Amino acid sequence: MNIRGIFAIYKFEMSRTFRTFSQSIISPVLTTSLYFVVFGSAIGSRIEDIDGTPYSSFIIPGLIMLTILSQSISNSSFGIFFPKFSGTIYEILSAPISPFEITIGYVCAAASKSVIVGIIILLTSSFFVNLNIIHPVWMFFLLILISVTFSLFGFIIGIWANDFQKIQLIPTFIITPLTFLGGSFYSIDMLPEIWQKISYFNPIVYLISAFRWSFYEHTDISIIVSLTTILGFLILCLIAIYYIFKLGYKIKV
Amino acid sequence: MHAIEISKLDKRYDNGLKALTNINLKVKKGEIFALLGPNGAGKSSLINIICGIAKKNNGKISILGFDNISQYKQARSLIGLVPQEIATDSFEKVIDTLKFSRGLFNKKKSSTYLDKILRDLSLFEKKNQQIRTLSGGMKRRVMIAKALSHEPKILFLDEPTAGVDVELRKNLWKNLNDLKKNGVTIFLTTHYIEEAEQLADRVGVIHEGKIIVVEKTSKLLEKLGKKTLKISIKKKTESLKLIIKKYSLKKSVSHYLLNYDLNDKNIVSNFFKDLNKNQIEFEDLEIKKSSLEEVFLNLIDK
């Protein structure tokens with residue numbers, strides 16, 4: 001195992017994050033804080049509690065998920081896309097490092113950044129609401145699991161994309177709408193019955209539901225079903241990455 | 001065991017372009033091998049396949065006995081690559097990019113070794129500068145430093161001196177000769193025939209994806225090179241006409257040109273004997289040896 005190679009990629013990616021601190025860390029935290037102010041404090045104060053949880057607290061897991069998903073995808077997709085774009089990928093492809101090790105390096109870095117941002121948002125939210133996390137260990141486990149899973153997904157997008165527009169395509173047109181419609185700001189059972197049924201086809205519903213369960217034990221869907229869905233998606237991403245490297249798809253000519 | 005051994009290598013791109021056909025090549029340990037060829041001949045394709053950047057369709061490549069596919073980790077750990085294009089992360093510091101390269105190749109940290117490379121390549125003063133602040137020539141040296149950062153046994157350089165000024169080119173040649181002295185095998189592709197002539201122990205010529213000749217540089221020149229004797233004759237005489245006919249001299253402005261093979265040892269002395277015998281006096285003479293460029297152009301014209 002090329003541990004030093006994995007660490008070199010990880011360190012390179014993390015140093016890029018700290019080089020662009022305002023864009024990588026401050027920007028998502030600021031955006032989420034604005035959500036707290038608008039939806040939590042301003043509008044939330046006029047909305048009834050949901051299953052005994054004040055609305056301003058209820059939206060915290062959803063807001064963290066909203067940022068985590070987009071951050072994980074953009075971190076890892078950009079991480080692998082940029083070397084392809086700039087030509088520096090030659091060094092990684094000619095190094096004695098396996099596809100699996102390359103993936104670990106990029107995905108761990110992307111997921112670490114997401115987890116850091118998630119924790120900062122969580123700490124920021126404590127300035128706005130009283131935080132009471134019922135299952136903190138599960139909360140951290142889910143934060144890491146979801147960050148890793150969507151970093152893997154972002155990695156696939158980064159390999160598939162051959163221009164900057166494609167990098168934004170899936171996050172903008174699929175992930176963000178699904179996250180907004182996945183119960184970030186509401187509970188699924190607040191929807192009319194037909195929309196509740198449609199929502200169950202939205203995979204993001206399962207992520208938000210599981211994450212919210214770790215906070216308040218309030219859940220739209222059983223935690224087992226949610227965990228199985230997340231793990232299933234993780235395995236799908238791993239299989240896709242295995243075949244991408246095996247076939248050299250969009251990496252080797 | 002050879003440093004590089006390639007047999008029956010074929011490469012066809014998805015658009016149908018046949019980049020390489022039945023390449024068979026052996027590069028000896030410790031030699032400088034130059035691959036010459038016009039644009040699009042397949043030089044970069046060959047390097048990219050050896051180093052694992054591009055896929056092959058057929059054939060086998062081994063690096064110091066390690067197969068570059070089934071034993072890619074062992075094979076690649078012996079290789080350093082300097083690609084044709086300057087590709088670096090502009091915002092990184094010189095020293096950080098070298099540490100990154102060394103780490104990728106699973107080598108332990110060594111500031112002493114990296115500092116030595118930076119000194120050898122006259123980059124030490126710039127080690128803490130961002131790459132974007134360096135000149136084009138310095139960036140190219142950073143690329144070489146990155147390739148050397150993990151102590152490779154074989155160094156591939158794809159057009160290392162393209163767009164580089166004369167002074168830097170000569171410095172790089174010196175660096176490459178120093179590496180050779182340290183036992184590093186060097187495989188370079190170049191447009192500049194002078195580069196191959198100055199550096200290479202052996203030369204391969206590739207044209208339209210096929211290697212058309214591999215030979216020692218000196219032998220190739222000897223085998224295919226020509227010499228031209230340029231002579232100015234004082235006075236035209238009848239006997240000169242006979243000599244012109246005998247030696248097939250060509251008239252060029254005020255001179256006569258005698259073309260002969262490098263291995264034709266007696267022709268010059270016979271020619272002067274004949275001039276002497278016929279009392280033909282000459283004013284000036286010059287002997288020009290054909291360059292590798294002329295040999296190369298002759299080869300690809302055939």
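In which sense do E9(B) and strand E10 (residues 210-216) of chain B pair, and over how many bridges? They pair in the antiparallel sense, over 6 bridges. This is a predicted model.

**Chain B overall**

Chain B holds 11 helices and 14 strands. Its radius of gyration is 24 Å, well over the 19 Å that the globule rule gives for 302 residues, so chain B is more spread out than a compact globule. Along the principal axes, the C-alpha atoms fill a box of roughly 80 × 45 × 35 Å. Of the 302 residues, 49% count as buried. Among contacts with a separation of 6 or more, 70% come from residues 24 or more positions apart.

The exposed area of chain B is about 15,300 Å². Carbon and sulfur atoms supply 47% of that area. Chain B carries 56 positive and 36 negative charges. The mean positions of the two sets are 4 Å apart.

**Strand E9 and its partners**

Strand E9 of chain B spans residues 202-207. E9(B) is mostly covered, with 5 of its 6 residues buried. Two pairings of E9(B) are listed here.

| Partner of E9(B) | Sense | Bridges |
|---|---|---|
| E3(B), residues 32-36 | parallel | 4 bridges |
| E10(B), residues 210-216 | antiparallel | 6 bridges |

On the E3(B) side, Arg202(B) in E9(B) stands opposite Phe33(B). On the E10(B) side, Val203(B) has Glu215(B) as its bridge partner. In a regular strand, side chains alternate between the two faces of the sheet.

E9(B) and E10(B) form a hairpin with 2 residues between the strands. In this hairpin, Glu208(B) takes a positive phi near 50 degrees.

Definitions and conventions:
Residues are numbered from 1 along each chain as its sequence is written. Chains are lettered from A and ligands numbered from 1 in the order in which they are written. Side-chain values use heavy atoms; hydrogens and water are left out. The radius of gyration is taken over C-alpha atoms; the globule rule is 2.2 Å times the number of residues to the power 0.38. Buried means under 20% relative accessible area, exposed over 50%, partly exposed in between (1.4 Å probe, protein chains only). Contact means heavy atoms within 4.5 Å. Accessible areas come from the Shrake-Rupley method with a 1.4 Å probe; for residues, only the protein chains shown count as cover. Lys and Arg count as positive and Asp and Glu as negative; His and the chain ends are not counted. The place of a charge is taken as NZ of Lys, CZ of Arg, CG of Asp or CD of Glu. Two strands pair if DSSP finds at least two bridges between them.
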